[in-house]
Amino acid sequence: MIRPLKTCTRALLVAAAIFAGSMALETSHHASAAQAMPDRPAAQIARDAGRKPKEVMAYLDIKPGMKIWDHASATGYYTTLFSEAVGPIGKVYAQISERGWERLRDGLEPRYEMLGNVEPAVTSIQDFEGKDGTLDMVFLGLIYHHMHYSENAGNGRPARASVFFDKAFRLLKPGGILVVIDHQAPNGTRREDSAEWHRATLQNAVDDVTSSGFELAGTSDILANPNDPQTIHFRELPTGRDSSQRFIAKFRKPN
């Protein structure tokens, strides 16, 4: 029996709303599960108040089965969260420098082996490993400010940033996402100044990433802090380094 048009339209709208709601619940579930992992190190849990992992993970919309490159993963704060979110069929590549790996290996290696879906990638800050078009996400957590300025480039995009984002573009699948989270400096700040404060402007991030072919997919103020002057080193904040104003910017590789 053919339903009247209004009835069909109403049914489609209801179905769409149910689907959207279920997807939102699924994303929220994975975000909550990642934060609630029983084997997360205490030092990481202590940083949750400032880093807001549940809200950030929900915004990133990570799904089971995704392959994520976590660049400059350091002690593995985000790596651990990503590991839970992508599940056993997903994969997280935890990039870390040789110096960092030598210093942190004794703690990281057994943890990553226990997680089962994390592979350490010991490379330089500009290097990737893997085949083109294989990653779902490239994540830069508080590292972009180390690559967005060089004396030779002045207020323009440095060569190392060009190399990095060009490689990220190649390794991501069509539709893949690149995420930048960083300590924020006011837009209009010279790169030389923001680099001295170990910060970056959102506009510089947008300019540098889109110059490699990405499209800006969205930004979030989840980690905003109106009490941060944004013109001092983030470690000088009396409320601690995790209280800085940080921007979150998502970029998409066009299909």
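# Notebook: a predicted chain, looked up piece by piece

Gln-230 was my starting point: at a relative accessible area of 14%, Gln-230 is buried. I placed Gln-230 in the loop between E7 and E8. I then looked up its phi, which is near 65°, a positive value in a residue other than glycine. I noted for context that most residues other than glycine have a negative phi. I should record here that the model is predicted.

**Another positive phi**

I also looked up Ala-74, where phi is near 55°, a positive value in a residue that is not glycine. Ala-74 is in the loop between E1 and H5. Is Ala-74 buried or partly exposed? Its relative accessibility is 38%, so I entered Ala-74 as partly exposed.

**The whole chain**

I went on to the totals. The chain has 255 residues, and buried residues make up 47% of them. I listed nine helices and eight strands as its secondary structure. Of the contacts with a separation of 6 or more, 75% are between residues 24 or more positions apart.

**Strands E1 and E2**

I looked at how strand E1 (residues 67-71) is joined to E2, and found four bridges, with the two strands running parallel. Ile-68 stands opposite Val-92 in E2. How many of the six residues of strand E2 (residues 91-96) are buried? I entered five, so E2 is largely enclosed by the rest of the structure.

**Thr-79**

Next I turned to Thr-79, which lies in helix H5. Thr-79 has 0% relative accessibility and therefore counts as buried. Setting aside neighbours within four places in sequence, I found Thr-79 in contact with Asp-70, Ser-73, Val-92, Ala-94, Tyr-112 and Val-118. For Ala-94 I also took the distance: Thr-79 and Ala-94 are 6.4 Å apart, C-alpha to C-alpha, with their positions 15 residues apart in sequence. Val-92, the residue that Ile-68 stands opposite, is among the contacts of Thr-79 too.

**Helices H4 and H5**

I stayed with H5 and looked up its contact with H4. The axes of helix H4 (residues 53-60) and helix H5 (residues 77-86) come within 12 Å and cross at roughly 55°. That angle is why I entered H4 as oblique to H5. The crossing of H4 past H5 is right-handed. Which residues meet there? From H4 I listed Pro-53, Met-57 and Leu-60, and from H5 Tyr-77, Leu-81, Phe-82 and Ala-85. By class, this contact has seven nonpolar residues, no polar ones and no charged ones. I kept in mind that an α-helix has 3.6 residues a turn, so residues three or four places apart point the same way.

**Arg-111**

I looked up Arg-111, which lies in helix H6 (residues 98-115). Is Arg-111 buried or exposed? With a relative accessible area of 16%, Arg-111 is buried, because the cut-off for buried is under 20%. Beyond neighbours within four places in sequence, Arg-111 is in contact with Pro-41, Gln-44, Thr-75, Gly-76 and Thr-80.

**Helix H9**

My last entry is helix H9 (residues 202-210), where the buried residues are Leu-202, Asn-204, Ala-205, Val-206, Asp-208 and Val-209. What covers them? I noted that the cover includes helices H7 (159-171) and H8 (191-196). It also includes strands E5 (172-185), E6 (200-201), E7 (215-220) and E8 (246-252). E7 and E8 are also the strands on either side of the loop that holds Gln-230, where I began.

Terms used: Residues are numbered from 1 along each chain as its sequence is written. This is a predicted model: local features need pLDDT of at least 70, side-chain atom pairs count only at pLDDT 80 or more; totals for chains, interfaces and linings use all residues. Side-chain values use heavy atoms; hydrogens and water are left out. Axes are lines fitted to C-alpha atoms, for helices over the stretch in contact, and angles run from 0 to 180 degrees between N-to-C directions. Angles under 35 degrees count as roughly parallel, over 145 as roughly antiparallel, 65 to 115 as roughly perpendicular and the rest as oblique. A crossing is left-handed if the near helix is turned anticlockwise from the far one by less than a right angle, and right-handed if clockwise. Contact means heavy atoms within 4.5 Å. Ala, Val, Leu, Ile, Met, Phe, Trp, Tyr, Cys and Pro count as nonpolar, Asp, Glu, Lys and Arg as charged, and the others, Gly among them, as polar. Buried means under 20% relative accessible area, exposed over 50%, partly exposed in between (1.4 Å probe, protein chains only). Two strands pair if DSSP finds at least two bridges between them.
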